[in-house]
Amino acid sequence: MKFRAKIVDTACLNHFTRVSNMIAKLAKTCSLRISPDKLNFILSDKVASGGVSMWCELEQENFFSEFQMEGVSAENNEIYLELTSENLSRALKTAQNARTLKIKLTNKHFPCLTVSIELLSASNSSRIVTHDIPIKVIPRKLWRDLQEPTIPAAEVSIYLPLLKTMRSVVEKMKNISNHLIIEANLNGQLNLKIETELVCVTTHFKDLGNPPLDSSQNRDPEQMAEVHIDIRKLQQFLAGQQVNPTKAICNVSDKMVHFDLLHEDVSLQYFISALS
């Protein structure tokens with residue numbers, strides 16, 4: 001197994017750093033899948049009720065000027081690693097105004113992702129800052145648990161309001177209840193609702209629009225689809241969004257809510273299972 005990659009473009013480096021910061025807010029530990037044309041950050045939570053999973057995908061050619069990898073074999077040309085997300089995020093924070101960033105799979109008494117950052121000093125001389133991030137190599141027999149999730153058919157898909165606005169609402173609601181009901185219909189209406197013995201609070205969003213429908217779907221546009229989730233999982237997801245996405249869709253079924261976001265060259269799918 002071999003992996004090495006290099007970023008020289010400042011915009012690409014800043015974007016990669018933002019992605020890393022987002023992942024660190026969404027998952028304490030994650031799996032990193034390296035293939036010849038893509039990087040995937042994966043969270044696969046096995047908790048059935050209220051659990052979360054994530055699939056974040058980057059096209060390597062949009063970030064790296066050099067990218068070389070050899071997987072575990074010719075037939076399985078992939079590498080799966082487990083790492084603490086914050087370690088990568090912390091390493092990349094030192095890469096602001098860097099000339100180059102190099103990432104390499106190494107073994108320094110234990111497997112590492114070694115991040116080397118070339119920084120320019122005021123006198124125009126350069127220095128190298130190196131971070132060794134401990135990782136675990138995930139064996140082939142466990143790969144099947146880390147494949148792209150199969151997405152269940154949604155009862156309703158709807159475009160999201162500004163995530164900043166949504167985050168502000170959810171943060172206030174979190175102080176009242178840990179349970180949240182998300183309702184959406186095909187008329188572009190989205191409701192966030194909490195109910196306790198003492199109070200019922202609903203925030204309404206209207207005219208959000210809906211993605212094009214599957215022609216086989218025959219549903220009353222006013223009929224609400226709803227899902228009950230852990231509000232803390234949604235708050236964590238919204239807090240992780242550093243940049244407003246170019247596309248943001250919420251897919252609601254009674255089993256889960258699935259968020260589909262596109263940030264420039266990065267796609268993020270985030271799943272929160274319904275509370276049982």
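How many residue pairs are in polar contact between domain 1 and domain 2? In this predicted model, the count between the two domains is five such pairs, with both residues at pLDDT 80 or more, whereas the count of salt bridges between domain 1 and domain 2 is zero.

The side of domain 1 that touches domain 2 draws on helix H1 (10-26) and strand E4 (52-59), each of which supplies at least two residues. Strand E4 provides the largest share of that side, namely eight residues. When the residues on this side of domain 1 are sorted by class, ten are nonpolar, five are polar and four are charged.

The domain assignment of the protein places domain 1 at residues 2-145 and domain 2 at residues 156-273, and the C-alpha centres of these two domains are separated by 29 Å. Contact between them involves 19 residues of domain 1 and 19 residues of domain 2. The area buried between domain 1 and domain 2 amounts to about 1,700 Å², of which 56% lies on carbon and sulfur atoms. Of the area that domain 1 buries against domain 2, 29% is supplied by Met-22, Lys-25 and Leu-26, which is more than any other three residues supply.

Taken together, the boundary between domain 1 and domain 2 combines five residue pairs in polar contact with zero salt bridges, although four charged residues are found on the side of domain 1 that touches domain 2.

Conventions:
Residues are numbered from 1 along each chain as its sequence is written. This is a predicted model: local features need pLDDT of at least 70, side-chain atom pairs count only at pLDDT 80 or more; totals for chains, interfaces and linings use all residues. Side-chain values use heavy atoms; hydrogens and water are left out. Domain bounds come from an automatic or database domain assignment. Contact means heavy atoms within 4.5 Å. Buried area is the accessible area (1.4 Å probe) that two parts lose on being put together, summed over both. A salt bridge is a side-chain nitrogen of Lys or Arg within 4 Å of a carboxyl oxygen of Asp or Glu. A polar contact is a pair of N or O atoms within 3.5 Å; within protein, one must be able to donate a hydrogen and the other to accept it, and residues adjacent in sequence count only if both atoms are side-chain atoms. Helices (H or I, at least four residues) and strands (E, at least two) are DSSP runs, numbered from the N terminus. Ala, Val, Leu, Ile, Met, Phe, Trp, Tyr, Cys and Pro count as nonpolar, Asp, Glu, Lys and Arg as charged, and the others, Gly among them, as polar.
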